[in-house]
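Notebook open, coffee poured. I want to look up the empty spaces first, then a couple of residues, then the confidence values.

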Amino acid sequence: MSEVAAVHVGVEPQETPLTPESWGKLGMWLFLAGDAMSFGCLIVGYGILRHASSNWPVPSQILGINLTAFMTFLLIVSSVWMVLSLSAIQKGDLPKFKKFMGLVILGGLVFLGCQAYEWTHLITEVLPHHNLSFSKDLFATTFFVLTGFHGMHVTGGVIYNSCVLAAVSRGRYQAKHVEIAGLYWHFVDLVWILIFTFVYLV
Amino acid sequence: MTATTHDEPNYMGVFWWLLVLTVLELGVIYTPVHRLAILALLVVLAISKAALVALYFMHLKFERRTLGLIALSPFVLCLFLILMLLPDIRPH
């Protein structure tokens with residue numbers, strides 16, 4: 001064994017060929033690819049069940065479009081705030097970063113509040129009115145599974161972004177960490193764009 | 001080229017495009033055309049919006065091509081899943 005090989009045995013390469021900025025970024029992309037497969041299977045499963053069903057209700061007549069259109073707008077705006085917060089920290093503007101990251105977190109919380117209101121409204125008023133139930137009807141089951149799985153991701157994103165904000169404020173995290181958190185948040189936005197179309201509008 | 005060296009994309013431009021496409025989606029569902037045409041339009045609009053988010057907000061446009069292939073792999077799985085399940089679909 002050469003001297004160089006002996007020194008480097010068991011040592012990870014310093015730089016990933018795909019994302020030279022950081023290994024964490026590659027890790028996040030791989031996680032998101034796996035997560036997208038979970039969401040993809042749920043959405044495809046939803047589509048197959050709906051297509052094969054004879055009595056699937058028209059979603060727009062049962063689910064509120066106005067509130068979810070606002071929720072879609074909110075996530076798109078929060079994605080813009082996220083890129084602006086990344087842009088700010090890359091330029092070393094910490095106060096601006098804190099402002100935009102705070103808005104991202106607030107946007108996520110408002111989204112979750114809207115979803116809690118929507119679920120409560122559906123469970124207590126709308127579904128009983130249409131003689132539908134969570135446990136018996138595939139329409140209701142698939143709706144709650146899909147939006148619930150996404151809501152969990154938003155909850156995770158709010159916690160993740162809060163941790164990133166705290167760590168940057170203490171000087172422990174830099175721009176590359178914000179970029180990785182941003183990837184996750186944009187993914188949550190991207191998935192909601194698909195859910196909004198396939199579950200609420202189609 | 002890496003994500004840290006490219007010029008900053010026009011984020012507000014992407015935002016306005018996303019907003020316009022969302023309004024178009026809302027308009028499409030009330031258009032008096034065949035249901036399949038509405039479905040096709042909604043799928044095109046949704047995929048366009050998802051692509052805008054991935055390419056510009058997630059900077060995929062400025063990353064290595066292999067990373068793009070990793071990001072696309074779930075769509076291949078979804079297509080495979082649809083093709084596998086097609087024989088089981090018997091619309092009533």
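Before listing any lining, I note what counts: a cavity is a set of grid points where a 1.4 Å probe fits but cannot get out, and lining residues have an atom within 4 Å of a point. I also keep in mind that this is a predicted model.

**Entry 1: the cavity.** I searched the whole structure and got 1 cavity of 30 Å³ or more. The space in the largest cavity comes to about 60 Å³. Which residues line the largest cavity? From chain A I wrote down A:Met82, A:Val83, A:Leu86, A:Val178, A:Glu179, A:Gly182, A:Leu183 and A:His186, and from chain B I added B:Phe57, B:Met58 and B:His59. Helices α4 (65–90) and α7 (175–201) of chain A each put at least two residues into this lining, and α7(A) has the largest share with 5 residues. By type I get 7 nonpolar, 3 polar and 1 charged.

**Entry 2: the pocket.** Next I looked at the largest pocket, which holds about 1600 Å³ of space. It has 49 lining residues, and those closest to its centre are A:Ile43, A:Val44, A:Phe198, B:Val43 and B:Ile82. Two or more lining residues come from each of α2 (23–52), α3 (59–62) and α7 in chain A, and from each of α2 (35–57) and α3 (65–85) in chain B. The top contributor is α2(A), with 13 residues. I sorted the pocket lining into 43 nonpolar, 4 polar and 2 charged.

**Entry 3: two residues on α5.** I then checked A:Gln115, which sits in helix α5 (residues 94–129) of chain A. Is A:Gln115 buried or exposed? Its relative accessible area is 6%, so I log A:Gln115 as buried, the cut-off being under 20%. Beyond its neighbours within four places in sequence, A:Gln115 touches A:Met71, A:Thr147, A:Gly151 and A:Trp192.

A:Cys114 is in helix α5 of chain A too. I log A:Cys114 as buried because its relative accessibility is 12%. With neighbours within four places in sequence set aside, its contacts are A:Leu67, A:Phe70 and A:Met71. I also took the C-alpha to C-alpha distance from A:Cys114 to A:Met71: 7.3 Å, for a pair 43 residues apart in sequence.

**Entry 4: confidence.** Last, I pulled the pLDDT values. Chain A has a mean pLDDT of 89, with 93% of its residues at 70 or more. Among the elements of chain A, I found the lowest mean, 53, in helix α1 (residues 3–8) and the highest, 95, in helix α6 (residues 138–169).

Methods:
Residues numbered from 1 in each chain as written. Chains lettered and ligands numbered in written order. Predicted model: local features only at pLDDT ≥ 70, side-chain atom pairs only at ≥ 80, totals over all residues. Heavy atoms only, no water. Helix = DSSP H or I, 4+ residues; strand = E, 2+ residues; numbered from the N terminus. Buried < 20%, exposed > 50% of the residue type's maximum accessible area, 1.4 Å probe, protein only. Contact = heavy atoms within 4.5 Å. pLDDT = per-residue confidence, 0-100. 1 Å grid on protein atoms, 1.4 Å probe; cavity = no way out; pocket = protein on both sides within 12 Å on 5 of 7 lines; lining within 4 Å. Points joined across faces, edges and corners; volume = space filled by probe spheres on them. Nonpolar A, V, L, I, M, F, W, Y, C, P; charged D, E, K, R; others polar.
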